Structure formats: C-alpha cells, structure tokens
Amino acid sequence: LIERRVKGQLERIAGVARVDFYGIDPPRLEVDLDLDKLRQHRITPQQIAQTIEAANSGVAMGVVRGPSMRFDVRGSGRPETADEIASLPISGTALRIADLARVKLTTPDLDTARRLNGKPAIGFDVFKAPSANTVAVADRLKAEIEQMKQDEFLRGIDVLVRRDQAEEIKLSLKGLFDAGWHGGVLSVLVM
C-alpha cells in the first residue's frame, strides 16, 4: 500500500529523485520446499531460487518525464503476489513452483517501533533531483500530499513535516530582502 499509494505517487513528481521510507519493511517472500517432491522430480533448491530471481529482475526501461510529473518505466510481468510467484514455471520442466513448494508473502516483525503521539508511525525522506528548484519541488510535494489525503485508503493518516528546506530558503530570502530594504532606506537618509 505504501509503495503504490505514497512512494510511487511522490516519486512521479517532477524534481523528485527518490523517496526513502524507514520504520517499515517490505513483505518477505517465504518458500517452503517439499524436499521429497524435489528429489522425486530431480529439482534442486537452487533451481527454485534461480526461477524466482529471474522473474524478479524487472528491467529498467527508462523514465518518462512531463512538465510536472516523472514516471520510472520498468518491464512488465514481474510477479507481485504469492500466487504469481507460485505459478512460475521451472525452466526445462512442466512443473511450477507451487508443485514443489508452498509460497507466501509475510510481513516481517518490526525490530524497532516508531511512534508519534503514541500511535504507530513511519518516516520518509524526499530527495530532490540535483537540478531541481527546492521551493518548487516542495510546493508540488505539499500539493500532492493534500491530494493523497483524499484517497480512501489513506484517510486518517497524518503527515508531519519535520524539516522543510524550502521554508528555510524562503526565510533566508526574506531576510535578504529585509536587509536590502533597510540598507536602502538608511543610505537615502544618510545622503
């Protein structure tokens, strides 16, 4: 949910290089092999692992950019569910992984718990592209986050901005403007 509904949305914004989440681990693939069936069909555990690895090597095809959005393009067909992985054919045989193993995606145990105001929380950092305007990217991010709050699956989720470099830049520019304005007034008075 977080990958598709939050990370993917934010990474499509023009000027965003990447979004890193912490406090949450991705689902873990568990494959319980039936050793008797493996021996019977003369299949090694390495063949199962190679089948899964080959299917998971989504090939990056490039990036599509628009005026305010960016999309990373990857090859399709990459399995995402336990059923899709279980149905992968084992090379050189008529067998599928499900014929020799039980496959499931599990949620790993949380090693550390992040909390905010006593409630479970996750954190994320947004990194801008080197050539992007920090203030413009931050404004687009804030607008996208407001849009995301309308998503029925994300309702009730609060976003707390811990550090906003755009605000720091705006304050610095305001300070420069104020100093320049005061300096100009003082120079007119001195003359």
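Q: In this predicted model, which helix holds both arginine 39 and aspartate 36?
A: Let's start with a pair that sits three residues apart, about one turn of the helix. Their side chains form a salt bridge, with the closest N and O atoms 3.2 Å apart. The helix that holds both spans residues 35–41 and is α2.

Q: Is arginine 39 buried or exposed?
A: Buried would need a relative accessible area under 20%, while exposed means over 50%. The relative accessible area of arginine 39 is 59%. Its partner aspartate 36, at 55%, is exposed. Because 59% is over the 50% cut-off, arginine 39 also counts as exposed.

Q: How many salt bridges does a search of the whole structure find?
A: Side chains of opposite charge can pair when their charged atoms come close. The pair of arginine 39 and aspartate 36 is one example, and arginine 102 with aspartate 32 is another, at 2.7 Å from N to O. The search of the whole structure finds four.

Q: Which strands hold arginine 102 and aspartate 32?
A: These two residues are 70 apart in sequence, so their pair ties together distant stretches of numbering. Aspartate 32 is partly exposed, at 32% relative accessibility. Arginine 102 lies in β5, and aspartate 32 lies in β2.

Q: Which residue meets lysine 104 in a salt bridge?
A: Lysine 104 is in strand β5, and its partner is in strand β2, 74 residues apart. Lysine 104 is partly exposed at 31% relative accessibility, and the partner is partly exposed at 25%. Their side chains meet at 3.9 Å, N to O, and the partner is glutamate 30.

Q: How far apart in space are leucine 29 and leucine 105, C-alpha to C-alpha?
A: Leucine 29 has its place in strand β2, residues 28–33. Beyond residues up to four places away in sequence, leucine 29 touches Ile52, Ile85, Val103, Lys104 and Leu105. Leucine 29 and leucine 105 are 76 residues apart in sequence, yet their C-alpha distance is 4.6 Å.

Q: Which element gives the largest share of the largest nonpolar core?
A: This core has 14 residues, and Ile43, Ile48, Ile90, Ile97, Leu100 and Val103 touch the most other members. The elements giving two or more residues to this core are α3, α4 and β5. The largest share is three residues, and it comes from α4.

Q: How many residues are in the second, separate core?
A: This core includes Ile13 and Val16. Ala132 and Leu154 are also among its members. The number of residues in this second core is 12.

Notes: Residues are numbered from 1 along each chain as its sequence is written. This is a predicted model: local features need pLDDT of at least 70, side-chain atom pairs count only at pLDDT 80 or more; totals for chains, interfaces and linings use all residues. Side-chain values use heavy atoms; hydrogens and water are left out. A nonpolar core is a set of buried Ala, Val, Leu, Ile, Met, Phe, Trp, Tyr and Cys residues joined through side-chain atoms within 4.5 Å. Buried means under 20% relative accessible area, exposed over 50%, partly exposed in between (1.4 Å probe, protein chains only). Helices (H or I, at least four residues) and strands (E, at least two) are DSSP runs, numbered from the N terminus. Contact means heavy atoms within 4.5 Å.
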